[in-house]
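User: I'm new to this structure and would like a close look at one part of it. Could you walk me through the salt bridges, and then put them in the setting of the chain around them?

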Amino acid sequence: MFVTGGLKSLLPHVLRRIIRCNRLSISNTSGMAEGYKQANVVILHKSLADDFEKFCHANAGPLPLLYRSKPGDWKCPSLSSDSDIRTDCLQYRVYEHGACTGTLKSLKEYSEQLKDMVTFYLGCSFSFEKAVQNAGIPVRNVEQKRNVSMYKTAVPCYSISTFCCNLVVTMRPIPESKLEAAVLATSKLKEAHGAPIHMGDPGLLGIQDLSKPDYGDPVHLHPGDIPVFWACGVTGVEAVINCRAPLAFTHSPGCMFITDLKNDNVTVRSSREVPQVHCISQDPLHYSIVSAEAAQKIKNLETLIGIDPGDRGIIHLHCQDELLKACLSISHARSVLITTGFPTHFTYEPPEENDGPPGALAIAAILQALEKEVAIVTDQRAMNLNKKIIEEAVQLGILKRPVPLLSYQKESADSALMFLCENGNPGRPRFDHLVAIERAGMAADGNYYNARKVNIKHLVDPIDELFLAAQTIPGVATTGVGDGGNELGMGKVKDAVKKHIKNGDVIACDVEADFTIVAGVSNWGGYAIACALYILSTCEIHDRYLRKAVGFPQISKKMGWLSALPSVTKEENLLKTLVRHGVRSGKTASLEMEVDGLPFYDTHSVMIEKLL
């Protein structure tokens with residue numbers, strides 16, 4: 001019997017001969033024939049072959065198709081010179097009507113049945129392990145001499161006919177400092193599943209316990225390791241089980257077919273192809289991926305909106321990359337709650353200013369186009385006003401449909417939790433992300449102040465409590481957009497507000513958001529969020545990560561997204577609507593300032609043109 005030492009350097013055809021002779025004392029092929037492609041195997045009756053091939057193409061992440069044989073063909077000439085699929089895997093599984101009825105070392109006894117069956121060879125993550133090691137990243141399952149851990153997830157694949165199942169993933173512990181290197185090392189190896197589909201908390205995939213893999217062996221994380229998940233070809237095994245074919249065969253998970261093909265040495269050439277990794281949540285731990293090109297575009301947006309036309313000192317409030325991280329978080333969200341409203345004109349009716357609602361509607365419009373759930377929460381006294389504004393926004397083509405309008409009042413100690421979660425259960429939040437844009441924020445003394453230190457608490461409902469409650473709910477993130485430091489969410493920069501903003505020691509908002517976006521005018525921040533979400537949605541690297549490498553790219557929806565973005569015409573029409581309803585500019589103290597030759601309060605359209 002051969003032992004594992006030295007097998008990693010053997011050529012594939014030699015390994016296949018050893019396997020064929022049943023002379024190996026190993027349980028999986030991880031680390032074997034380093035640098036060569038390995039393959040998952042699915043063998044089905046020829047009547048199912050066309051549908052399964054379509055299923056593979058529809059779920060190319062877990063099922064990258066390397067070769068499809070003809071019925072009864074036991075060889076695969078484009079993958080190997082002298083192979084026999086009946087004997088060249090370490091172990092096989094037999095499935096009858098969806099049930100595993102046995103494991104075998106050889107399929108020769110089924111040679112007659114195999115004459116009417118088609119073999120599919122699918123890419124395997126074992127193929128990228130050498131590339132990961134070459135990047136200086138430890139491969140823990142190889143170090144621990146274990147099969148890789150494989151888990152069923154709650155992520156549905158794209159179904160084709162009788163082939164439907166949830167995604168299966170492999171997990172490899174990666175040191176946090178090496179995450180980006182791991183993504184870069186695997187992202188171009190598409191025939192080996194490509195880049196990871198998730199990094200962070202396994203619960204976000206529906207995996208409850210890493211110590212209990214559905215296939216393979218548990219692999220231990222070292223201190224500082226992050227669980228990183230790749231799409232897995234064992235997804236094909238799950239598809240075979242669910243289709244309930246009278247007879248089917250697969251490799252045993254981890255017991256791959258070793259090909260004669262070397263892994264391609266792929267060079268990433270442009271910033272569009274270079275992935276970046278960003279942490280977007282600590283509870284639960286969650287990282288996202290975006291291309292360097294898309295990230296730079298969003299950083300440029302952040303710089304652009306940071307212009308301080310009033311020279312109020314907001315440059316000192318700036319938090320680098322907050323726009324990018326906030327929008328990555330929103331991009332992953334299913335349901336978003338937006339709030340706006342700053343009653344700075346406290347002696348008028350309505351007291352609202354026109355900074356905030358246009359930016360809020362710009363965010364709502366792109367979220368609708370991206371098919372996310374969105375709602376707006378505002379003050380009870382302003383419900384009728386906001387209802388009219390939303391109705392007219394639909395008529396103007398700014399919104400596709402009306403946005404649900406909500407109000408919040410504190411009636412008990414758990415009112416905020418009851419509002420945000422079904423039956424107050426933190427495990428069932430109604431919203432994944434809360435966004436406040438130009439929303440009056442509570443100061444340290446419990447009051448709400450405009451820029452001139454006037455207390456406007458009597459006009460403001462306690463929506464801050466929702467943001468405070470969100471801090472206690474895992475998976476619910478918050479973003480605050482402001483231009484003066486007294487807006488909801490600006491608590492993250494309150495020390496800078498007190499130091500650099502006029503009256504900051506009194507007016508500074510004390511309530512933090514996870515992400516703080518500072519703009520010269522808050523509406524600009526809303527427009528930037530809309531544009532950044534569009535950029536992310538059209539980024540192939542981010543799109544693949546969002547859909548977990550199953551289904552098809554969403555870029556075909558680009559024109560719908562584009563039409564939802566803010567425009568000069570939309571902005572001008574909306575501002576006219578606000579004026580018609582008595583809403584005034586909030587920047588009356590700066591009427592004589594100009595930006596690009598226009599009064600400060602008319603610069604929204606100029607900024608839109610720059611953003612787009």
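Analyst: Here is a walk through the salt bridges, followed by a look at the rest of the chain.

One thing to keep in mind from the start is that this is a predicted model. As for the basic idea, side chains of opposite charge can pair when their charged atoms come close. In this model the count comes to 30 salt bridges, and I'll take you through a few of them.

Let's start with Asp-82 and Arg-16, whose side chains meet in a salt bridge with an N to O distance of 2.8 Å. These two come from distant parts of the chain, 66 residues apart: Arg-16 belongs to helix H1 (residues 12–20), while Asp-82 is in the loop between strand S2 (65–68) and strand S3 (92–96). Are the two partners buried or exposed? Asp-82 is partly exposed, because its relative accessible area is 22% and the buried class ends at 20%. Arg-16, on the other hand, has a relative accessible area of 0%, so it counts as buried. This pair also has company, since salt bridges with shared partners join Arg-16, Arg-17, Asp-82 and Asp-260 into one network.

Next up is the pair of Asp-379 and Arg-439, joined by a salt bridge at 2.7 Å from N to O. Asp-379 sits in the loop between strand S15 (373–378) and helix H11 (383–395), and Arg-439 is in strand S17 (residues 433–439), so this bridge ties together parts that lie 60 residues apart in sequence. Here both Asp-379 and Arg-439 are buried.

Helix H11 comes up again with Glu-392, which forms a salt bridge with Arg-580; their closest N and O atoms are 2.6 Å apart. Glu-392 is in helix H11 and Arg-580 in helix H19 (residues 568–580), so the pair links distant parts of the chain, 188 residues apart. Glu-392 has a relative accessibility of 16%, so it counts as buried. Its partner Arg-580 is exposed, because its relative accessible area is 55% and the exposed class begins over 50%.

Now for an acidic side chain in a helix: Asp-543, found in helix H17 (residues 540–546). Its relative accessible area is 9%, so Asp-543 is buried. Leaving out residues up to four places away in sequence, Asp-543 touches Ser-537, Pro-553 and Gln-554.

For a contact without charged residues, look at helix H10 (residues 357–369) and helix H16 (residues 522–537), which pack with their axes 7 Å apart and at an angle of about 10 degrees. That angle is why H10 counts as roughly parallel to H16. On the H10 side the contact includes Ile-363, Ile-366 and Leu-367, and on the H16 side Tyr-527, Ile-529 and Leu-533 are among the residues involved. By class, the contact of H10 with H16 has 10 nonpolar residues, three polar ones and no charged ones.

Finally, let's step back to the whole chain. The protein chain has 20 helices and 21 strands, and its C-alpha atoms fill a box of roughly 90 × 50 × 45 Å along the principal axes. Of its 612 residues, 58% count as buried. Among contacts with a separation of 6 or more, 76% are between residues 24 or more positions apart. The chain exposes about 24300 Å², with carbon and sulfur atoms supplying 50% of it.

Key
Residues numbered from 1 in each chain as written. Predicted model: local features only at pLDDT ≥ 70, side-chain atom pairs only at ≥ 80, totals over all residues. Heavy atoms only, no water. Axes fitted to C-alpha atoms, helices over the stretch in contact; angles between N-to-C directions. Helix = DSSP H or I, 4+ residues; strand = E, 2+ residues; numbered from the N terminus. Parallel < 35°, antiparallel > 145°, perpendicular 65-115°, else oblique. Contact = heavy atoms within 4.5 Å. Nonpolar A, V, L, I, M, F, W, Y, C, P; charged D, E, K, R; others polar. Salt bridge = Lys/Arg side-chain N within 4 Å of Asp/Glu carboxyl O. Buried < 20%, exposed > 50% of the residue type's maximum accessible area, 1.4 Å probe, protein only. Areas by Shrake-Rupley, 256 points an atom, 1.4 Å probe, with all protein chains shown as cover.
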